[in-house]
Amino acid sequence: MATDFNKAIEALKKLNFKNMYRKDFFLTWDHTIEELKSVWNVADALRALREQNISTKVFDSGLGISIFRDNSTRTRFSFASACNLLGLEVQDLDEKKSQIAHGETLRETANMVSFMADVIGIRDDMYIGKGHTYQKDFCDSVEYGYEHGILEQRPYLVNLQCDIDHPTQVMADAAHCIREFGGVENLKGKKIAMTWAYSPSYGKPLSVPQGVVGLFSRLGMEVSLAYPEGYEIMDDVVEVAKKQTSESGGKFSISHDMKEAFKDADIIYPKSWAPFKAMEKRTDLYSKGDQEGIDKLEKELLSQNANHKDWACTEDMMKLTKGGKGLYLHCLPADITGLSCKEGEVDKSVFDRYLDPLYKQASFKPYVIAAMIMLAQFENPVKILEDLKSKKSDRVFER
Amino acid sequence: MATDFNKAIEALKKLNFKNMYRKDFFLTWDHTIEELKSVWNVADALRALREQNISTKVFDSGLGISIFRDNSTRTRFSFASACNLLGLEVQDLDEKKSQIAHGETLRETANMVSFMADVIGIRDDMYIGKGHTYQKDFCDSVEYGYEHGILEQRPYLVNLQCDIDHPTQVMADAAHCIREFGGVENLKGKKIAMTWAYSPSYGKPLSVPQGVVGLFSRLGMEVSLAYPEGYEIMDDVVEVAKKQTSESGGKFSISHDMKEAFKDADIIYPKSWAPFKAMEKRTDLYSKGDQEGIDKLEKELLSQNANHKDWACTEDMMKLTKGGKGLYLHCLPADITGLSCKEGEVDKSVFDRYLDPLYKQASFKPYVIAAMIMLAQFENPVKILEDLKSKKSDRVFER
Amino acid sequence: MATDFNKAIEALKKLNFKNMYRKDFFLTWDHTIEELKSVWNVADALRALREQNISTKVFDSGLGISIFRDNSTRTRFSFASACNLLGLEVQDLDEKKSQIAHGETLRETANMVSFMADVIGIRDDMYIGKGHTYQKDFCDSVEYGYEHGILEQRPYLVNLQCDIDHPTQVMADAAHCIREFGGVENLKGKKIAMTWAYSPSYGKPLSVPQGVVGLFSRLGMEVSLAYPEGYEIMDDVVEVAKKQTSESGGKFSISHDMKEAFKDADIIYPKSWAPFKAMEKRTDLYSKGDQEGIDKLEKELLSQNANHKDWACTEDMMKLTKGGKGLYLHCLPADITGLSCKEGEVDKSVFDRYLDPLYKQASFKPYVIAAMIMLAQFENPVKILEDLKSKKSDRVFER
């Protein structure tokens with residue numbers, strides 16, 4: 001299905017996104033709903049141009065700096081794809097190959113790598129209370145450099161996942177839902193169930209469930225968050241979600257009943273995560289270097305997880321969803337019962353049935369990232385996109 | 001010596017390569033001889049353009065994904081050079097930095113990294129029966145993605161070495177021979193000796209000898225494969241080579257006599273490899289995790305190798321070749337007696353005498369890879385190449 | 001402050017740099033002072049173009065090969081930035097991922113990675129007597145390849161740090177001083193103190209102090225080198241510096257008195273390094289694999305360092321400099337007392353006061369590297385730069 005360039009541009013023209021210009025992207029709830037809609041529409045416009053073999057290289061040179069403080073495949077490739085789409089070359093700051101350990105400050109590193117950087121992508125989701133702060137500090141550092149005449153341009157942040165939010169993921173998730181339901185307005189009144197699910201591994205980040213309730217609560221939806229007792233997410237995010245749901249005319253509920261959440265849900269997002277409190281504790285143990293404590297905590301968490309093996313997205317659970325056909329979402333990779341583990345988040349038959357939509361869901365991420373870059377870099381992205389369209393320079397020569 | 005653009009284009013115009021369009025490149029014997037000739041001619045045309053400082057960037061953006069499941073220098077740089085020559089940016093899928101271990105399927109990974117990929121280069125030569133299968137599965141996965149509307153474009157495979165064939169290597173080897181002998185037609189009736197040679201290391205891949213007999217048997221040559229008893233290559237490839245030699249009007253023989261093979265040979269390719277059966281056994285031991293068995297097998301193989309130290313490309317052996325001046329080939333790096341090891345595949349004096357041709361042999365690889373990419377991507381590469389030539393955009397500004 | 005394109009071009013037109021064309025950059029003292037001035041002016045011209053959003057991509061494709069035989073952040077990013085600015089793609093030769101250990105010669109590796117390389121950047125500063133030799137050997141290898149028709153183009157070296165000199169660093173340092181003092185002619189007669197300073201780590205490279213005295217002795221300055229007895233640098237470099245100072249109308253002195261050196265200094269560069277003799281000894285121990293000897297030497301050196309904790313750039317020391325306001329230089333990262341270590345090279349308050357100039361100092365490095373590349377690649381860089389200016393192709397689309 002071809003993406004509609006004109007529709008995206010017309011929508012963009014009606015939106016106010018002027019405050020995204022020269023601004024970092026940390027959390028979706030830092031932005032107005034019009035700004036988020038702008039991201040989706042710029043993403044669509046870029047996708048449409050690429051489908052029509054029209055080059056979207058707006059940078060003739062320049063670097064996109066990436067920092068992955070955890071392993072990554074899909075986010076790494078999404079960021080690389082987005083940069084490449086716009087003409088930036090990715091340069092990865094591999095902390096193992098750097099001298100950062102040699103007593104260098106973050107302010108120093110941030111400036112040293114940014115002399116020719118237009119965008120910074122950071123993934124730092126491991127330690128509660130650290131990732132977001134690291135990103136903030138990085139941005140303050142380059143802001144300092146720019147204001148003090150050290151950097152000729154200010155690179156803007158795309159948060160590739162922190163301890164609080166995973167905006168490129170959930171914005172892609174939402175873009176997918178918008179496409180599947182035929183428009184963002186059609187999500188109004190729909191029910192989304194963000195539920196915990198059992199996994200045999202532990203310590204999975206909270207940024208996805210937090211990001212989901214932090215974003216979908218903007219859309220006038222019924223957001224149903226469900227998890228076993230003890231698996232609370234950050235209080236602050238819950239408050240944000242509550243406030244936003246009421247503003248957007250939706251509903252927000254927290255329960256400890258997966259079935260209740262799945263009941264008549266239009267969209268379901270069953271996924272494992274670690275309890276916030278436990279992650280706080282772990283962060284503390286790591287900072288103390290208390291390996292014994294860490295090992296003990298891991299055992300406790302795995303055994304706590306094992307009490308909730310019934311939290312799984314089975315065929316029976318799927319039957320509870322709207323017409324038995326709720327849209328299954330996952331950020332991937334999933335723990336698939338009988339495939340990647342004995343007992344996991346989702347039945348293999350369910351996962352297999354949703355394979356195509358799951359992959360399509362992921363396909364939005366490079367465009368969402370590219371859109372975030374465009375909106376931070378260009379005061380008038382509508383004109384830029386229209387000029388790219390008229391210029392009609394081939395992405396692939398004479399194709 | 002300048003490469004002749006017009007000659008390459010004229011040759012191309014007479015060849016049928018239409019089935020290479022939108023097709024993966026796995027094994028040379030999957031392709032007709034006209035298709036292989038097309039690769040050489042497109043490679044020559046690209047080389048000629050670069051020599052004339054004419055840009056051959058046919059991609060304005062897009063990724064070339066590489067997966068190296070073994071260490072690599074020359075193939076890595078050849079692939080990077082080929083992608084850069086055409087305008088693609090290489091993004092390496094380093095499995096150590098990825099989440100592939102986390103229960104993700106190959107189908108999932110393949111699609112997740114390919115949203116903006118135009119080419120996939122995979123090297124997987126370690127385990128018998130695995131590399132080719134891995135490549136096939138990868139291609140099936142992206143084909144699935146393309147057909148199901150997940151991928152906007154289908155990336156095509158360039159096999160950078162598997163357990164069966166090493167097509168970019170042997171196509172470069174052949175391109176070199178074609179240049180040295182003044183045309184592919186001049187190889188007809190010539191004798192090539194693909195022989196085993198002693199190396200103090202073990203477990204060297206079979207893909208080069210298999211690739212050589214699988215390719216040179218297409219050219220009407222006398223292909224003489226020689227190895228000590230017990231160093232058999234894959235039966236299937238022998239069958240392919242036999243069939244092809246008879247079809248092309250050449251001869252094919254297997255002997256256990258290096259001198260016999262070298263006798264009056266126009267081209268000699270002495271190189272170590274591991275016995276196919278032993279590699280099958282090793283693959284089995286690895287899959288069982290039987291370290292003791294693996295260690296035992298290594299000892300056996302090294303001691304088996306040591307029985308055949310007389311299989312070396314010495315000055316005396318060279319005298320047996322046609323006029324004492326057979327063209328010495330090697331895929332590099334070679335085990336050079338008295339340089340990189342005490343006793344190895346080739347005398348230092350022989351190796352040194354053929355240094356320039358050996359390096360030239362290697363220089364064809366980036367162009368061969370680029371040609372494979374072009375032929376998979378463009379329905380009418382003749383027009384593309386001619387238009388690049390007329391457009392005459394500088395590779396280096398005003399040089 | 002905008003960089004003045006016309007001023008740089010006018011200066012360039014008066015300089016003789018014709019011998020830099022097709023030449024490697026090893027050591028600053030291999031070059032005439034006019035050649036060094038050309039580097040600064042080309043760097044300024046490139047910077048001015050970038051500030052004006054004018055693309056300086058002079059390569060439409062081509063590789064910049066980097067080899068880092070030690071960890072690196074800023075030099076890695078500077079090289080990547082320089083290559084990107086000119087249109088080259090960096091391909092890193094990570095020796096751990098390569099087959100170099102498999103008995104391959106440097107001549108072979110150098111040619112194998114250079115088929116499409118236009119520039120080679122090498123950092124090899126660990127072992128006395130090795131780094132420069134490695135770079136020479138690499139360049140001899142590609143020269144061989146080019147002369148023998150193996151390489152279609154000859155990649156030229158940018159020395160990213162060797163055991164003797166660190167030319168991209170000290171050329172950036174000097175560019176910074178030139179900017180701060182309002183012109184290279186204003187450095188004449190000024191005093192620069194290159195002094196040792198205490199660090200709790202050991203074995204820091206000598207290339208910076210050697211590079212500094214080897215370069216600033218060209219500028220008619222009073223070069224005051226000071227270190228505790230036993231911390232001698234290479235004799236050869238001292239001889240070079242002496243000779244050059246007398247030729248340039250400056251002064252050169254060596255003392256063991258940090259205060260004497262700081263007294264009335266316009267510029268101060270306090271930085272730790274290891275004694276040359278000790279590094280020679282260490283290199284010898286490494287080559288013998290004598291770990292016990294290495295550990296013993298490390299202890300000796302750390303304890304020797306600890307005798308000189310009074311060699312620190314304190315507030316009191318700063319008062320001795322010209323008007324108490326000498327320009328503080330450091331190649332970064334510095335050992336900052338009370339920040340990165342208990343006692344180090346410089347007081348935190350001093351370091352903090354010079355933060356902006358220190359970062360600006362570093363900002364010259366990408367441009368210096370790019371200028372070195374331009375001067376090796378283009379016979380008439382003035383015309384190239386002027387044509388880029390007239391062509392006025394956007395770096396960022398319609399910005």
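Student: How many residues of chain A are in contact with chain B?

Tutor: The model is predicted. On the other side of this contact, chain B contributes 41 residues. The area buried between the two chains is about 3,900 Å², with 51% of that from carbon and sulfur atoms. The number of chain A residues in contact with chain B is 41.

Student: Which element of chain A gives the most to the side that touches chain B?

Tutor: Several elements each supply at least two residues to that side, including helix 2 (33-51), strand 2 (89-92) and helix 14 (355-363). The residues of that side divide into 16 nonpolar, 8 polar and 17 charged. With 7 residues, the element that gives the most is helix 3.

Student: Which residue of chain A forms a salt bridge with B:Asp118?

Tutor: Between chain A and chain B the count is 4 salt bridges, and 16 residue pairs are in polar contact. In the salt bridge of B:Asp118, the closest N and O atoms are 2.9 Å apart. The partner is A:Arg395.

Student: What kind of axis relates chain C and chain B?

Tutor: Chain C superposes on chain B by a rotation of 120° with 0.0 Å of shift along the axis, at an RMSD of 0.0 Å. The two copies are therefore related as by a three-fold rotation axis.

Student: Is C:Gln361 buried or exposed?

Tutor: C:Gln361 lies in helix 14 (residues 355-363) of chain C. Among the residues that C:Gln361 touches are C:His176, C:Tyr269 and C:Cys331. Its relative accessible area is 2%, which is under 20%, so C:Gln361 is buried.

Technical notes
Residues numbered from 1 in each chain as written. Chains lettered and ligands numbered in written order. Predicted model: local features only at pLDDT ≥ 70, side-chain atom pairs only at ≥ 80, totals over all residues. Heavy atoms only, no water. Helix = DSSP H or I, 4+ residues; strand = E, 2+ residues; numbered from the N terminus. Buried < 20%, exposed > 50% of the residue type's maximum accessible area, 1.4 Å probe, protein only. Contact = heavy atoms within 4.5 Å. Least-squares fit on C-alpha atoms with pLDDT ≥ 70 in both. Buried area = accessible area lost by both parts, 1.4 Å probe. Salt bridge = Lys/Arg side-chain N within 4 Å of Asp/Glu carboxyl O. Polar contact = N/O pair within 3.5 Å; in protein donor to acceptor, adjacent residues only side chain to side chain. Nonpolar A, V, L, I, M, F, W, Y, C, P; charged D, E, K, R; others polar. Lists of a residue's contacts leave out its neighbours within four places in sequence.
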